[in-house]
Amino acid sequence: MEQVVKAVAKAGDKVNFVRYADDFIVTGATRELLEQKVKPALTAFLKQRGLELSEQKTVITPIQSGFDFLGHTLRKYGVTLLITPAKGKVKHLRQKIKQRVQSALGLPQETLLRQLNPLLRGWANYYRNGASKRTFSAVDHYVFRILWRWATRRHPKKSAAWRLSQYFRAAGQDWWFSVRTQSATGESRVLKLYRLASTTIERHIKVRGDAHPYDRRYTEYFAKRRSFLGRTCWSGRTASTWSAAPA
């Protein structure tokens, strides 16, 4: 598919192809290029294989306006491309957090923590490759507020200082939702809420289109990607002006 897309472009068209499984983005210099050359080429390529583009999900938009792809919003500000968690995905996460906390009003604090932590950690790991720090901090603040309401509903007649001591000090720090537990061997441990803002941001470097982890020719290539330098260096190209992306 990438070869078909690039075959209809010429030097200066800034055509690039990015895919993940059956989702993909094609970037180009102008809307006309994408509408008149790239999209027809894609349509013909897919038709030969019994597939077709979804007109409802296919978007052609200037990258300055942004678009969503794989749960991320890609948008260019001047010469800077920012990839952030999509607002819809953040809203969905907040709803799931709220549902789990509200349904745990009568459950022990440890049980609630064991329900929340995998959700928070998994979500943060998925979005750790983008510009997510601000979103992580906002979600952390939301989680704190909803957990404080949870503690207040459980003990409406207790003081704020008591609730703070009971639910937010086991980790040795004020305002950290945590509880002291015991392991099967009787060892005392502290279970604390996972904070998204503690997640390390690691930029993703695009994999070569023809590279395959089971092809011995690319053993050295994937070894370098797994190295410290490969994980920390950003080698992607600057995004083009227009993009076409099936949602």
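Me: What makes Gly-28, Ala-29 and Leu-33 count as being in contact with Asp-13?
Reply: Contact means heavy atoms within 4.5 Å, and that is how Asp-13 meets Gly-28, Ala-29 and Leu-33, leaving aside its neighbours within four places in sequence. Do keep in mind that this is a predicted model, where local features need pLDDT of at least 70, side-chain atom pairs count only at pLDDT 80 or more, and totals for chains, interfaces and linings use all residues. Residues are numbered from 1 along each chain as its sequence is written, and side-chain values use heavy atoms, leaving out hydrogens and water.

Me: Why is Asp-13 called buried?
Reply: Its relative accessible area is 9%. Buried means under 20%, exposed over 50% and partly exposed in between, with a 1.4 Å probe and protein chains only, so Asp-13 is buried. You will find Asp-13 in the loop between α1 (2–7) and β1. The names α and β stand for DSSP runs numbered from the N terminus: helices are H or I of at least four residues, strands E of at least two.

Me: What does the side chain of Asp-13 reach, and how far away is it?
Reply: The partner is the backbone nitrogen of Lys-10, at 2.8 Å. That sits inside the cut-off for a polar contact, a pair of N or O atoms within 3.5 Å (within protein, one must be able to donate a hydrogen and the other to accept it, and residues adjacent in sequence count only if both atoms are side-chain atoms).

Me: Why is Asp-174 called partly exposed?
Reply: Asp-174 has a relative accessible area of 43%, so it falls in the class between buried and exposed. Asp-174 lies in the loop between α6 and β7 (178–182). Outside its neighbours within four places in sequence, Asp-174 is in contact with Phe-168 and Arg-169. With Arg-169 there is also a polar contact from side chain to side chain, at 2.6 Å.

Me: Why does Ser-103 count as exposed?
Reply: Ser-103 counts as exposed because its relative accessibility is 55%. Ser-103 is in the loop between α3 (87–102) and α4, and its side chain reaches two backbone oxygens, that of Gln-99 at 3.0 Å and that of Arg-100 at 3.0 Å.

Me: What makes phi of Ala-21 worth a look?
Reply: Phi of Ala-21 is near 55°, a positive value in a residue other than glycine. Most residues other than glycine have a negative phi. Ala-21 is in the loop between β1 (16–20) and β2 (23–28), and it is exposed, with a relative accessible area of 59%. Trp-175 also has a positive phi, near 70°; it belongs to the loop between α6 and β7 and is partly exposed at 44%.

Me: How do you know how α3 and α5 run relative to each other?
Reply: Their axes come within 10 Å and cross at roughly 20°. That makes α3 roughly parallel to α5. The axes are lines fitted to C-alpha atoms, for helices over the stretch in contact, and angles run from 0 to 180 degrees between N-to-C directions. Angles under 35 degrees count as roughly parallel, over 145 as roughly antiparallel, 65 to 115 as roughly perpendicular and the rest as oblique.

Me: Why is α4 called roughly antiparallel to α5?
Reply: The axes of α4 (residues 109–126) and α5 come within 13 Å and cross at roughly 165°, which means that α4 is roughly antiparallel to α5. In α4, Gln-109, Leu-112, Leu-116, Leu-120, Trp-123 and Ala-124 meet Thr-135, Phe-136, Val-143, Leu-147 and Trp-150 of α5. By class, this contact has nine nonpolar, two polar and no charged residues. Ala, Val, Leu, Ile, Met, Phe, Trp, Tyr, Cys and Pro count as nonpolar, Asp, Glu, Lys and Arg as charged, and the others, Gly among them, as polar.

Me: And what makes α5 and α6 roughly perpendicular?
Reply: The axes of α5 (residues 133–154) and α6 (residues 160–167) come within 10 Å and cross at roughly 110°, so α5 and α6 are roughly perpendicular to each other. Trp-148, Trp-150, Ala-151, Thr-152 and Arg-154 of α5 make the contact with Ala-160, Arg-163, Leu-164 and Tyr-167 of α6. The residues of this contact divide into six nonpolar, one polar and two charged.
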